[in-house]
Amino acid sequence: MDPIRLSRSCVGNEEIAALARVIEAGFLGMGSEVQCFEQEIKAYLATPYEVICVNTGTAALHLSLEGLDIGAGHEVLVPSITYLASFQAIAASGATPVACDVTPERVFIDLQDAERRVTEKTRAIMPVHYASDSTEMSGVYEFAERHGIRVIEDAAHAFGCKRNAKKIGATGDVLCFSFDGIKNITSGEGGAVITGDLELASRIRDARLLGVEKDTEKRYTGQRSWVFDVNRRGYRYHMSNLMAAIGREQLKKIGRFSEHRRTAAIRYREFLAGQSGVELLTLSDDDIVPHIFVIRVTNGRRDTAMQALRDAKIECGIHYQPNHLLAYFNQGYALPVSELLMSQLLSLPLHAMLTDQEQCRVVDVLKSSLEDKSNA
Ligand SMILES: Cc1ncc(COP(=O)(O)O)c(C=O)c1O
């Protein structure tokens, strides 16, 4: 039996040719390929906002926070169930990530719980488009307006998704995408900040290149600044031409990738509808390009199911263990839904090359592992 991957990069000859083109041109760092990728993302998202590409989604989150002057002495509300990157990006800015509980239906930040955790130090809320869904995002904007805080959307799972008929990135405050190897599109590693806040965009553009003022404009024409000034902290977080070349080819394929992921997720939902011991998340199938396919195993057999899948050479995962339970981020309070979900969440294989036969194998093994065979 061939192993089935949980997720994978879907890259091919087009990406190889694009890399060869950049290598032959002889400039691998940040230059015109990055500028083209940014313009193409902007066109794809049909967004009036600025697009700034960086080397990871984590860097996108970090630069957004610092660009908004969020740092030491400040707090940022964030769902406990998210990739560790959301928490570490907040910590890197010097601010404190304040873990909030999540809703059991969508694993989205629970705004009632967040309400209890607002203090005079709260500066931002960082909702995560968990499993690519953004159904409850309008509530976040009402919340943020009421408390006078910024919204940094961790949209790492949500490239290509829509909300209110517009692409994620066409509206909102600050949005951060990830283009790491297994995301809806990849640039090898990579990320982008999308924002209509021009001052923030300009700060992020400089900060991604060590804080050198207006260096981006020079790099896009194949030059660099030799004499310059620096007014803020900066990093080596820029995207390279090599990465952008991969990303540009991936963007051409997003229609096909989206269709494949969406169809596979709908098939899983059909296969598993009504299955005892399984709860499906409540997601808006039409609007999402699912990055992960997560179920809740509610009959106490999640670990048994994981072992059975592994024994059948099927990779599976847990997105994610709650961050408030990690020693570094533990603030000494319980988050009951996140802690319950820790023992229930199970991610099944999903990527743009998953075959129908592979999906059937996953579902067969899963269903059989969920049956209680003790009385058989
Ligand atoms: C929810 C979430 N936030 C942030 C990130 C960080 O993105 P990157 O891996 O590009 O740094 C990821 C990536 O896996 C993610 O899933």
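Which residues have the most contacts inside the largest nonpolar core? In this predicted model, they are F37, I41, Y130, F159, F179 and I194, and the core as a whole has 43 residues. Several elements give two or more residues to it, namely the helices α2 (32-45), α9 (241-252) and α10 (254-272) and the strands β1 (50-54), β8 (174-178) and β9 (191-195). Helix α2 provides the largest share, with four residues. Because domain 1 (13-252) and domain 2 (255-375) both contribute residues, this core lies between them.

A helpful place to begin looking is Y130, one of the residues with the most contacts inside the core. Leaving aside residues up to four places away in sequence, Y130 touches I81, R106, V107, H157, L281, I292, V294, H319, Y320 and L345. Apart from the core that holds Y130 lies another one, made up of 30 residues, including A59, V78, F87 and A99.

Attention can now turn to the ligand. It is surrounded by 16 residues, and the closest of these are G57, T58, D154, S178 and K183. Two of these closest residues can be followed down to single atoms: a polar side-chain atom of T58 is found 2.5 Å from an oxygen atom of the ligand, while an N or O atom in the side chain of S178 is 2.7 Å from a ligand oxygen. Y320, already met as a contact of Y130, also takes part here, with a polar side-chain atom 3.1 Å from an oxygen atom of the ligand. On its own, the ligand has 390 Å² of accessible area, and the protein covers 93% of it.

Definitions and conventions:
Residues numbered from 1 in each chain as written. Predicted model: local features only at pLDDT ≥ 70, side-chain atom pairs only at ≥ 80, totals over all residues. Heavy atoms only, no water. Core = buried A, V, L, I, M, F, W, Y, C linked by side-chain atoms within 4.5 Å. Buried < 20%, exposed > 50% of the residue type's maximum accessible area, 1.4 Å probe, protein only. Domains from an automatic or database assignment. Contact = heavy atoms within 4.5 Å. Near = heavy atom within 4 Å. Polar contact = N/O pair within 3.5 Å; in protein donor to acceptor, adjacent residues only side chain to side chain. Areas by Shrake-Rupley, 256 points an atom, 1.4 Å probe, with all protein chains shown as cover.
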